Every structure is written in C-alpha cells, then in structure tokens.
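Here's a relaxed walk through one protein chain, starting at a single residue and then zooming out. Keep the 3D view open and click along as you read.

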Amino acid sequence: MKKSNIHGTNDKRNVNPEWFTAKTWMKVLSEKIKSKDQDIYHVHFEKGSRTKLHQHNGNQVLIGVKGKGSLEIFKKYGTSKNNFKIKKIQKIGLNEGDIVHIPAKTLHTHGSIDKKKEFSHIAINILPKKKSTYKTEWYESDFKTKVSKII
C-alpha cells in the first residue's frame with residue numbers, strides 16, 4: 001500500500017504548453033500510489049489557464065480541489081479529422097468538491113474561469129481496457145466555431 005499527498009509543489013511536473021492556454025503544471029499521483037487501472041493527476045491551472053480542446057479514448061473523472069473552474073462540452077460537425085466546425089453544447093461550473101464524469105470521445109475543455117485566481121482538480125483517466133494506453137487528442141481551436149488543426 002502506497003500513500004501520497006496532493007498538496008505542495010514537490011514532484012511537480014511541467015506539462016506540454018501547447019495543450020494549455022497559459023501556465024499549468026501537475027503532480028502524477030498514480031505513479032506515487034502505483035495505480036495500474038487509471039492515471040491520476042492533480043492539475044494546477046494558473047490564473048485563467050485552460051486546456052485546449054481535446055478528447056480521450058477512455059473515460060475521465062474530474063474532482064474540483066481549489067478555486068473555480070469550468071468544463072465545456074462541444075459537438076463536432078463535419079468529417080475532417082483535423083479541420084472541422086464545433087459548437088459548445090454545455091458549460092458546467094466546477095467548484096471545490098464537485099465531481100463530473102466525462103465519457104470517452106467527448107470533445108471538451110476545462111480549467112480556471114478567473115484570470116486572477118488559480119484552479120486545481122484531480123483528473124482520473126480510466127484506461128479503456130486492461131493494460132491499454134490512455135490517449136488524448138489535442139486540437140487548436142477558437143473555442144467557439146472551428147478547429148484548425150491537431151496539436
């Protein structure tokens with residue numbers, strides 16, 4: 001049995017800046033507790049930072065830890081893999097203690113909603129099947145009407 005703590009900046013891991021709108025970092029909790037069926041992260045979004053538009057091949061659960069954030073769900077229009085139209089179909093506010101399930105292959109973005117305050121959440125990425133790889137596809141978009149490329 002292993003134990004870890006979500007607080008503090010020890011074991012902080014930088015993330016690919018192309019996947020976020022501003023400074024973001026995370027702690028990889030699943031490595032600390034040796035979890036094999038899911039990847040678990042504590043993600044810290046600095047003032048106003050959000051993920052870029054993306055989708056996963058497995059389910060995801062978000063649990064709000066600090067600050068105020070949001071989850072936005074989008075619908076894809078068109079058949080092109082890397083250049084298509086989008087429309088926001090749902091916006092869910094995320095506060096401390098809130099939990100939300102995001103089904104696999106759901107186009108979405110999440111992060112801080114306040115340009116003066118940070119937001120953090122626990123992300124649990126549930127592997128699509130045993131011993132498989134959890135994959136995320138990232139997109140460049142205007143967050144309103146179109147996706148222009150895969151990142």
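Let's begin with Asn95, which is partly exposed, with a relative accessible area of 33%. Keep in mind that you're looking at a predicted model. You'll find Asn95 in the loop between β7 (84-94) and β8 (99-102). Which residues does Asn95 touch, not counting residues up to four places away in sequence? They are Gly64, Gly67 and Lys68. Asn95 also makes a handy starting point for a distance: its C-alpha atom and that of Phe119 are separated by 8.9 Å, and the two residues are 24 apart along the chain.

**The whole chain**

Now zoom out. The secondary structure of the protein chain adds up to one helix and 12 strands. If you trace the chain along its sequence, you pass through β-β-α-β-β-β-β-β-β-β-β-β-β, with the helix α1 covering 29-33.

UniProt has something to say about this chain too: an unreviewed entry lists residues 40-131 as "domain: Cupin type-1". Over residues 40-131, the chain is 60% strand and 0% helix. The C-alpha atoms at the two ends of this stretch sit 15 Å apart.

How does the overall size compare with a compact globule? With 151 residues, a compact globule would have a radius of gyration near 15 Å, and the protein chain has 15 Å, so the two agree. Along its principal axes, the C-alpha trace spans about 45 × 40 × 25 Å.

What about contacts across the sequence? Take the contacts between residues at least 6 apart in sequence: 71% of them join residues at least 24 apart.

**Surface and charge**

Of the 151 residues in the protein chain, 40% are buried. The chain exposes about 9000 Å², and carbon and sulfur atoms supply 50% of that area. As for charge, there are 32 positive and 14 negative side chains. The centres of those two sets lie 3 Å apart.

**A buried glutamate**

Where is Glu72 in the chain? Look in strand β6 (residues 69-77). Glu72 has a relative accessible area of 8%, and anything under 20% counts as buried, so Glu72 is buried. Leaving out residues up to four places away in sequence, Glu72 touches Arg50, Lys88, Gln90, Lys91, Leu107, His108 and Thr109. Try selecting that group together with Glu72 and turning the view around.

**Four pairs to find**

Here are some C-alpha distances you can look up for yourself.

| Pair | Apart along the chain | C-alpha separation |
|---|---|---|
| Ala22 and Arg50 | 28 residues | 6.9 Å |
| Asn95 and Phe119 | 24 residues | 8.9 Å |
| Glu72 and Ser112 | 40 residues | 12 Å |
| Lys3 and Lys117 | 114 residues | 29 Å |

Two residues in that table need a bit of background. Ala22 lies in the loop between β1 (12-14) and β2 (24-28), and it is partly exposed, at a relative accessible area of 36%. Lys3 belongs to the segment before β1. Is Lys3 buried or exposed? Its relative accessibility is 80%, so Lys3 counts as exposed.

**Two backbone oddities**

Last stop: the backbone angle phi. Lys34 has a phi near 60°, which is a positive value in a residue other than glycine. Its place is in the loop between α1 (29-33) and β3 (38-45). Lys34 is exposed, with a relative accessible area of 53%.

Phe143 isn't a glycine either, yet its phi is positive, at about 60°. To find Phe143, go to the loop between β11 (136-141) and β12 (146-150). How exposed is Phe143? With 25% relative accessibility, Phe143 counts as partly exposed.

Technical notes. Residues numbered from 1 in each chain as written. Predicted model: local features only at pLDDT ≥ 70, side-chain atom pairs only at ≥ 80, totals over all residues. Heavy atoms only, no water. UniProt positions renumbered as here; feature names shortened; annotations may be inferred. Helix = DSSP H or I, 4+ residues; strand = E, 2+ residues; numbered from the N terminus. Rg over C-alpha atoms; globule rule 2.2 N^0.38 Å. Buried < 20%, exposed > 50% of the residue type's maximum accessible area, 1.4 Å probe, protein only. Contact = heavy atoms within 4.5 Å. Areas by Shrake-Rupley, 256 points an atom, 1.4 Å probe, with all protein chains shown as cover. Lys, Arg positive; Asp, Glu negative; His and termini not counted. Charge placed at Lys NZ, Arg CZ, Asp CG, Glu CD.
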